[in-house]
Amino acid sequence: QVQLVESGGGLVQAGGSLRLSCAASGSIFSVNVWNWHRQAPGKQREEVASIDNGDLTHYLSSVKGRFTITRDYAKNTVYLQMTNLEPEDTAVYYCSAGVIPSTTLTFQRFWGQGTQVTVSS
């Protein structure tokens, strides 16, 4: 199967930066789209950013200009560079990937385990 492993979360002061990584492993034919989501306490999960096979990106309006999503095709890894962080960015961040596994050749979505990002004021 396919596994997603995230890293890079932590505690940072407002105005600081963090970079999240999410690596996919397993029987992968292709990763068609990567997404980053976040869920703050008491709030619904929201999509923060996405990047597709054409490197087309989309961002949540509140993070535009501060967050950058990129991908490494060779490593099946996606990154989320977060700058000028605000306390409102505090949440558990999850990556997900729209994958074509080589075992099934059908589109499936897989999720990472989540990583905590805490921004102190």
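1. Glutamate 86 is a useful place to start, since at 30% relative accessibility this residue counts as partly exposed. The model under review is a predicted one, and glutamate 86 lies in the loop between strand 8 and strand 9. Leaving aside the neighbours within four places in sequence, the residues in contact with glutamate 86 are Arg66 and Val119. Serine 61 stands 25 residues away from glutamate 86 along the chain, and the C-alpha atoms of the two are separated by 14 Å.

2. The loop that holds glutamate 86, between strand 8 and strand 9, is also the place of asparagine 84. The phi angle of asparagine 84 is near 45°, which is a positive value in a residue other than glycine. Asparagine 84 counts as partly exposed, because its relative accessibility is 44%, a value that falls between the 20% limit for buried and the 50% limit for exposed.

3. A reader new to the chain may ask how many helices and how many strands there are. The chain has 0 helices and 11 strands, and read along the sequence it follows the pattern β-β-β-β-β-β-β-β-β-β-β. The radius of gyration is 14 Å, close to the 14 Å that the globule rule gives for 121 residues, so the chain is as compact as a globular protein of that length. Along its principal axes, the C-alpha trace spans about 45 × 25 × 25 Å.

4. Some totals for the chain may be set beside these dimensions. Of the 121 residues, 43% count as buried, while the accessible surface of the chain comes to about 6,100 Å², with 50% of that surface belonging to carbon and sulfur atoms. Among the contacts with a separation of 6 or more, 55% are accounted for by residues 24 or more positions apart. As for charge, the chain carries 9 positive and 9 negative side chains, and the centres of the two sets lie 2 Å apart.

5. The largest nonpolar core has 30 residues, and those with the most contacts inside it are Leu4, Trp34, Trp36, Leu80, Met82 and Tyr93. Several elements give two or more residues to this core, including strand 1 (2–7), strand 4 (28–39), strand 8 (77–82) and strand 11 (115–120). Which strand gives the most to this core? The answer is strand 9, with 5 residues.

6. Serine 21 has its place in strand 3 (residues 18–26), a strand that is itself among the elements giving two or more residues to the largest nonpolar core. Serine 21 counts as buried, because its relative accessibility is 15% and the limit for that class is under 20%. Not counting residues up to four places away in sequence, serine 21 touches Val5, Glu6, Ser7, Trp36, Val78 and Tyr79. One of these residues, Trp36, is also listed with those that have the most contacts inside the core.

7. Is proline 101 in strand 9 buried or exposed? At 1% relative accessibility, proline 101 counts as buried. Leaving out residues up to four places away in sequence, proline 101 touches Val2, Ser27, Ile28, Phe29, Thr106, Gln108 and Phe110. One of these residues, serine 27, is 74 residues apart from proline 101 in sequence, yet the two are 5.6 Å apart in space, C-alpha to C-alpha.

8. Phenylalanine 29, which is found in strand 4, counts as exposed at 58% relative accessibility. Apart from the neighbours within four places in sequence, phenylalanine 29 is in contact with Ile100, Pro101, Ser102 and Leu105, and the contact with Pro101 pairs an exposed residue with a buried one. Glycine 54 is 25 residues apart from phenylalanine 29 along the chain, and their C-alpha atoms are separated by 17 Å.

9. Leucine 105, which is in contact with phenylalanine 29, lies in the loop between strand 9 and strand 10 (108–111). With a relative accessible area of 54%, leucine 105 is exposed. The phi angle of leucine 105 is near 55°, again a positive value in a residue other than glycine, as was noted above for asparagine 84.

Technical notes
Residues numbered from 1 in each chain as written. Predicted model: local features only at pLDDT ≥ 70, side-chain atom pairs only at ≥ 80, totals over all residues. Heavy atoms only, no water. Helix = DSSP H or I, 4+ residues; strand = E, 2+ residues; numbered from the N terminus. Rg over C-alpha atoms; globule rule 2.2 N^0.38 Å. Buried < 20%, exposed > 50% of the residue type's maximum accessible area, 1.4 Å probe, protein only. Contact = heavy atoms within 4.5 Å. Areas by Shrake-Rupley, 256 points an atom, 1.4 Å probe, with all protein chains shown as cover. Lys, Arg positive; Asp, Glu negative; His and termini not counted. Charge placed at Lys NZ, Arg CZ, Asp CG, Glu CD. Core = buried A, V, L, I, M, F, W, Y, C linked by side-chain atoms within 4.5 Å.
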